[in-house]
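Thanks, everyone. Please bring up the sequence and the structure, and I'll walk you through a few spots.

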Amino acid sequence: MISLELIWNVFWGLMGLCVVLMGLVLLQKKRHQKHTAHRLAVQNYVYDRYIEGHSVHQRFKPHDIFDSYVHLCEQVHLSAEAKQRFLDDVTPHHWFRYLKRQARAWRPFNRQRAAVYLGYLDREEAVDLLLERLKKERHEVVFFYVVNALKHRLSADVLALILTRLPRFSDTMIQRLTTLMLNQTLDIEPVFEQLKDASHPQIILFFITYTKRYPSQTLLRYVRTQFIHFDERYLKTLHPMHHTIRLRAARVLVYLNCDLLYEPHYLTHKDPELLALIYEVHLTREDALTFYLDCVSSTAHTRVLIQALERLFKRQKSLLEEALKRLEDPSLSSAKRRVLTLSLANSLDTILFRTLSNPQGSLFTILMTLLNEKQYTPFVRFLNHNKNPRYDFELINFFKGVLPQHEGLAEELSIYGKESVLVALGLTRQLPLKRTAHTPERERDKLRFLRRFGVFALVLFPLMFLFELFLRGFEGLSWSWLALYVLRVNLYIVSYYVVVNLIYLVLIYWSHQTANNQLRRWRLKQPSLLYEDRLLPAVSILAPAYNEALSIVDSVQSLLNLTFPRYEVVVINDGSTDATLKTLIDHFELTRFPYTHENQLSTQAILAVYKTPKIPNLMVVDKRNGGKADALNVGINVASYDHVCGIDADSVLESDALLKMLSTVLDGQDALALGGHIHPSNGSHVSRGVLEQRGLGRLPIERYQTLEYVRAFTTGRLGWSKLNSLLIISGAFGLFKKVPLIQAGGYMTRSSALKKDTVGEDMELVVRMRKEAFKRKEKHRVLYVYHAGCHTQVPDTWRALLKQRNRWHRGLIDILSYHKDMSFNPRYRGVGLLAFPYFIIFEMVGPLLEFQAYVFLLLAFFLGILAPQYFLAFFTATVALGMVVSLYSLLLLEKDQIHFSVKDTARLLGYAVLENFGYRQLMSLYRVRGYLSALKETHEWGEQTRRGFK
């Protein structure tokens, strides 16, 4: 046994380190305040010197002045005199010489930073340095920043040089580079003459896309040729790049109204996506309605044709009358009648007025066709908004006759119809049904997995003790062995805690490096770069909501106030039984409208879709209750963009959170999934969806959780992200690529193809997406962006918190058992060899070992054999090391900005000590309970009650 003196020395050393960390946390706030004041003084100096033209004494470092000058250039347009004055100040200074050295440095980041600064120097020598870097640079991120620095100086020769170097880089970076160049006004003809015979797909895509923005006859002929060529190649090879080129070329031809796509043989094309574009060419024809009806017999893609007719009627409303006359023609074939009728669903008001005016007319069959196709929404909308009593009476009589054959219509009317209609039809008001609780079949593999590791946790210490006895020479059992066994188990447990906290300290080391790297790269990204048209990918933000009436408006407002170039907000009401849906409709003045989409993932049924022209990027989807994962799958189905961001409906994003998160694609980190930092919002002030003041919850339970969130996100996830072994993206704020997400099967639900529910759907999805990527042998990353913040409510009662932790642990067990084939498997690299073993041993089985630790500690105490060194070693390994981890997490949290006031920070420092005496033991105990619940298969997950923002 280690001597008591050595343990005391280690203990007091750790206590001293804790005191130092506490002082550093508080001093860091003072440093932030000084830095803010200093930055303001530098900005004032730069403004006075280069905007006002005053002769001001220079007393700041050149680096600070340069940063402020860059910031000023982003905010205002500087005159030539102001720029020259700045050049005169900078050129003779060693700072410019320093930039020249950095432009040739061996570290990529140094060259990247030098390129950013040189781009703001309107000087021939700076341009020459950038051109030299353009010719030699091999690092794609640095090359991108060099191109950005030269984007306003792109001559034909420079552009040709950039295009010829494109094949060296990844497809994602090529896309960013071409987008950047396309956003500039260029003389493309000389470049085109040089590279028109180039065969690289990305160069071809560049010229095709450029044609749409700056068309010419020469480029149009080029696009025609490329479309024909790649259409033929794709039909033979099905190569995805060929598919991209021909679709891009087709869109350009449609946009420029090219006659190529008028050729008859394209009307029978097998690709529905291309066929939709071909149909779009014919929208301007005088006989467009006749043309589309003639295509009914020649195409198998009826849905595409219906969508083309819908666009036609929206564009030429006068054709509605002609369409109705054609429907009255008895010679019209049944196939054409069905297609035409379905395409008129959005114009049902006109049809109903005509039909109800002449009930005996042939248009009566239109209504029956729509009902048979389950197009109920237009009927309900008409009844709710009709002001003519005669039409109301006629339609109600019509519904009385058809309701027995159409249960879905009766259900929609019961949910969405106005009261007078329900009374007239004899229907009663219904709330959207909540999904019936489902008890899954016994999962034998999962139970075997749990029993195996449960037995492992119980026999581990006895086996270690027996092995130690064997080494010592075992002669027989005696009561003295019992006392020795109790003491040795305490020593084993001390070793376990030392290992756990050492792992945390290693993760902290990696977290510190990752945080520095992310912050440095973020500071180089200026608004002029981030807001380049279509440079950053567009995002569909998915917000599932179940009984969130108290906070839903604030959450949606915060999403609509984000500073991000292109995004849409999709709120999915998961069959709420409170006023969530009504609150949204009333506040945002939403109206219901028919909506069709392709169900790429199986989900519970959509009941209605709401939008408003006042906020075109807001959509509310009402669906049957199916759980959060099912609601997210619905959002993925209706999402318009290639990236989807799932958040909780009670979450409030910081205004630049999405910008910080997706700006990482400019660093060459095109991740499969990205996660942000989750902050408890309890105690913060949120007004109309905007976080106006950060705060700390007033209840101890809220403060303990705040400290837990800081520790888990700031150290754990940052470290695992650095090791490319991150398994968790929080459901409160996570962003995914849509295509691989769908390929993996979406979120796990019983409604999906996976036929299984899980409470840890966010972690399970990340694990499954990574698993599929490894199987496809694709290089990929899952990133955590620590300075992209999201604020969400945490439980404020012990009952809700303990239910949550029980639920979380059972979800973790469910995921680890479902994907147990990944653990210790070198095929999955760091995920299989590092992350899975850690989560199994220390997160899943760890609580069982920790529970034994306290049992044996108490047993040793009551037997009177608890030596001081054993207790002190235990205390040092659990409390002292744990405090170091918590305090360093607080220090890392405020590395870039102040999150809490001095008073709140002091409280958190106190709770970093107090949590070790009761709170952490209680959480560990409830994780043990979660393990036992999983063994019993208790499937009552529990629900969290929200109080709303304040």
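Start with Thr 758. Buried or exposed? Thr 758 has a relative accessibility of 8%, so it counts as buried; the cut-off for that is under 20%. Keep in mind that this is a predicted model. Thr 758 sits in the loop between α33, residues 738-743, and α34, residues 761-775. What does Thr 758 touch, once neighbours within four places in sequence are set aside? Met 748, Glu 764, Gly 811, Asp 814 and Ile 815. For a sense of distance, take Arg 138. It is 620 residues from Thr 758 in sequence, and the C-alpha atoms are 45 Å apart.

Next, Leu 529. This one is in helix α27, residues 527-530. Its relative accessible area is 2%, so Leu 529 is buried. Skip residues up to four places away in sequence, and its contacts are Phe 144, Tyr 145, Asn 148, Leu 180, Leu 535 and Leu 666. From Leu 529 to Thr 591 we count 62 residues in sequence and 37 Å in space, C-alpha to C-alpha.

Now the sheet. It is open, it has 10 strands, and the pairing is mixed. Read the order with me: β3-β4-β5-β2-β1-β6-β11-β8-β12-β7. Which strands stand at the edges? β3, 591-592, and β7, 652-653. Each has a single partner strand, so one side of each has no neighbour in the sheet. For β7, look at strand β12, residues 782-792: the two run antiparallel, joined by 2 bridges. Within that pair, Leu 653 is opposite Cys 790 of β12.

Helices pack here too. Helix α28, residues 552-560, packs on the sheet and touches β1, β2, β5, β6 and β7. The direction of α28 makes about 160° with that of β2. Helix α29, residues 580-588, lies across β1, β2, β4 and β5. Against β5, α29 runs at about 155°.

Last stop, a helix pair. Two packed helices are described by the angle between their axes and the distance between the axes. Take α1, residues 4-50, and α39, residues 902-914: the axes come within 11 Å and cross at roughly 165°. The two are therefore roughly antiparallel. The crossing is right-handed. Who makes the contact? From α1, Met 22, Val 25, Leu 26 and Lys 29; from α39, Val 902, Thr 905, Leu 909 and Val 913. By class, the contact residues are 6 nonpolar, 1 polar and 1 charged.

That's my tour. Over to you.

Key: Residues numbered from 1 in each chain as written. Predicted model: local features only at pLDDT ≥ 70, side-chain atom pairs only at ≥ 80, totals over all residues. Heavy atoms only, no water. Axes fitted to C-alpha atoms, helices over the stretch in contact; angles between N-to-C directions. Helix = DSSP H or I, 4+ residues; strand = E, 2+ residues; numbered from the N terminus. Parallel < 35°, antiparallel > 145°, perpendicular 65-115°, else oblique. Left-handed = near helix turned anticlockwise from the far one by under 90°. Contact = heavy atoms within 4.5 Å. Nonpolar A, V, L, I, M, F, W, Y, C, P; charged D, E, K, R; others polar. Buried < 20%, exposed > 50% of the residue type's maximum accessible area, 1.4 Å probe, protein only. Pairing = 2+ DSSP bridges.
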